[in-house]
Amino acid sequence: MENIDWGKLPFGYFKTDYNVRCYYRNGAWGTVEISSSETINIHIAATCLHYGQEAFEGMKVFRGKDGKIRVFRWEENAKRMQRSCDGIMMAQPPLELFKEMMLKVIKLNERFIPPPGLGAALYLRPLTIGTGPQVGVKPAEEYMFMIFAGPVGPYFKEGFNPVNVQIVRDYDRTAPHGTGHIKVGGNYAASLRPADRAKKEGFSTVLFVDSKENKYIDEAGPANFFGIRGNTYITPDSKTILPSITNMSLRALAEDMGMKVEQRHVLVEELEGFDEVGACGTAAVISPIKKIVDRQTGKEYTYCCNGTAGPISTKLFKTLKGIQEGEIEDKFGWNMIIE
Ligand code: PLP
Ligand code: COI
């Protein structure tokens with residue numbers, strides 16, 4: 001095994017052996033290329049550089065105690081990549097191409113898949129970019145789809161320990177009829193300034209409210225939001241949040257545990273009545289929240305359990321991790337096993 005301190009990995013870039021690439025030219029996807037280079041060579045007028053034709057995904061690969069390698073719900077990421085590409089008029093990588101490239105990049109970087117039980121995983125970053133030149137505002141005629149991989153640890157340095165988050169109302173990550181529901185680079189560009197300010201003010205991340213009425217909770221910068229009240233799992237329904245695959249999985253797990261699940265508008269004031277709250281996503285997994293501060297009003301909402309995660313968040317977290325690492329039966333059929 002590699003000389004890597006798997007338990008101390010941050011969530012960041014890590015150089016591995018190979019990445020995979022495929023080009024869309026003359027209306028068709030070409031053959032898959034394997035590369036050991038960390039750079040790409042693109043046209044100075046490529047639309048990804050000028051007009052934001054860029055969409056990405058984030059997914060995780062786990063090594064179980066049984067030695068098997070598991071990919072979590074890859075089809076959902078592949079389909080979301082297609083929706084993102086469609087939303088900003090890029091060529092869509094077919095599901096079969098996505099699968100072929102994903103399996104290649106995992107196999108080629110197998111030695112970087114962390115051992116189980118340390119909170120680490122091999123993170124895959126698929127991305128599609130417009131590579132063809134345009135100077136007028138138009139979609140490109142050429143695209144590149146690639147996947148690189150690297151081992152990562154928890155997104156927030158706190159891991160599964162609760163974080164503080166800040167509600168911002170003076171910045172929006174997306175417009176009411178904009179691109180919040182797809183995973184395109186522009187949404188993240190818009191989140192950088194409020195996220196940086198929140199960090200300087202002592203918070204792990206921001207919680208955006210809806211950009212139309214400014215009164216409903218939308219989502220965190222890099223993750224969805226959920227709250228637990230009694231036996232109910234509550235998560236925002238909004239056209240401007242990214243449909244999270246983790247959140248979708250947690251809703252299924254909550255229901256399976258006999259909880260009620262509500263996906264609906266969530267007023268900021270409702271934060272008062274929640275027993276537990278958290279952020280969820282591939283990178284964030286479940287990041288329990290201990291304090292939410294509304295930057296504009298100064299109002300504070302505090303949660304559960306002397307700085308540790310609440311019981312329901314803990315149960316959801318353990319079940320999700322257990323399925324991903326092969327410790328708990330995968331009764332929903334979420335994992336693809338690579339022998
Ligand atoms: N919301 C945003 C803005 C994200 O960037 C992510 C990460 O992908 C999520 C939510 C969580 O989505 P998923 O659970 O599919 O990773
Ligand atoms: C993920 O959870 O995979 C993400 O893409 C979130 C963030 C790193 C942008």
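Before the pocket numbers, one definition: Ala, Val, Leu, Ile, Met, Phe, Trp, Tyr, Cys and Pro count as nonpolar here, Asp, Glu, Lys and Arg as charged, and the others, Gly among them, as polar. With that in hand, the lining of the largest pocket sorts into 24 nonpolar, 15 polar and ten charged residues. Please keep in mind that this is a predicted model.

Let me stay with that pocket. Its volume is about 900 Å³. It is lined by 49 residues, and F11, R125, Y155, P222 and A283 are the closest to its centre. Which elements give two or more residues to the lining? They are the strands β7 (121-130), β8 (143-152), β9 (163-168) and β15, and the helices α4 (185-200) and α5. Helix α4 gives the largest share, with eight residues.

Now, what sits there? Ligand 1 takes up space in the largest pocket. Ligand 2 is placed in the largest pocket as well. I will take them in turn.

Ligand 1. There are 16 residues around it, and Y188, E219, S244, T246 and T282 come nearest. By class, that shell holds six nonpolar, six polar and four charged residues. Three side chains make polar contacts with oxygen atoms of ligand 1. For R80, an N or O atom of the side chain is 2.7 Å from an oxygen of the ligand. For T246, the distance from a polar side-chain atom to a ligand oxygen is 2.6 Å. For T282, the corresponding distance is 2.5 Å. How much of ligand 1 is covered? On its own, ligand 1 has 380 Å² of accessible area, and the protein covers 96% of that. Two elements give two or more residues to its shell: α5 (245-256) and β15 (276-281).

Ligand 2. The residues around it are F11, F56, G58, Y123, R125, Y155, K183, Y188, P222, T282 and A283. That shell divides into seven nonpolar, two polar and two charged residues. Where are the polar contacts? A polar side-chain atom of Y123 is 2.6 Å from an oxygen of ligand 2. The backbone also takes part. A polar backbone atom of A283 lies 2.8 Å from an oxygen of the ligand. A backbone N or O atom of T282 is 3.5 Å from a ligand oxygen. Taken alone, ligand 2 exposes 280 Å², and 90% of that is buried by the protein.

So look at T282 on your screens. Its side chain reaches an oxygen of ligand 1 at 2.5 Å, and its backbone lies 3.5 Å from an oxygen of ligand 2. Y188 is worth a look too. It is among the nearest residues to ligand 1, and it also belongs to the residues around ligand 2.

Last item: the cavities. How many of 30 Å³ or more does the structure hold? There are three. The largest cavity has a volume of about 120 Å³. It has 13 lining residues, and K60, F72, T246, T282 and Q324 lie nearest its centre. T246 and T282 are names you have just heard, from the polar contacts to ligand 1. At least two lining residues come from each of β5 (59-63), α5 and α6 (311-324). By class, the lining of this cavity has six nonpolar, five polar and two charged residues. Helix α5 also turned up in the shell around ligand 1 and in the lining of the largest pocket.

How values were computed:
Residues are numbered from 1 along each chain as its sequence is written. Chains are lettered from A and ligands numbered from 1 in the order in which they are written. This is a predicted model: local features need pLDDT of at least 70, side-chain atom pairs count only at pLDDT 80 or more; totals for chains, interfaces and linings use all residues. Side-chain values use heavy atoms; hydrogens and water are left out. A residue is near a molecule or strand if one of its heavy atoms lies within 4 Å of it. A polar contact is a pair of N or O atoms within 3.5 Å; within protein, one must be able to donate a hydrogen and the other to accept it, and residues adjacent in sequence count only if both atoms are side-chain atoms. Accessible areas come from the Shrake-Rupley method with a 1.4 Å probe; for residues, only the protein chains shown count as cover. On a 1 Å grid over the protein atoms alone, a cavity is a set of points where a 1.4 Å probe fits but cannot get out, and a pocket is an open set with protein on both sides within 12 Å along at least five of seven lines; lining residues have an atom within 4 Å of a point. A molecule sits in a cavity or pocket if more than half of its atoms lie within 2 Å of its grid points. Helices (H or I, at least four residues) and strands (E, at least two) are DSSP runs, numbered from the N terminus. Grid points are joined across faces, edges and corners, and a volume is the space filled by probe spheres set on the points.
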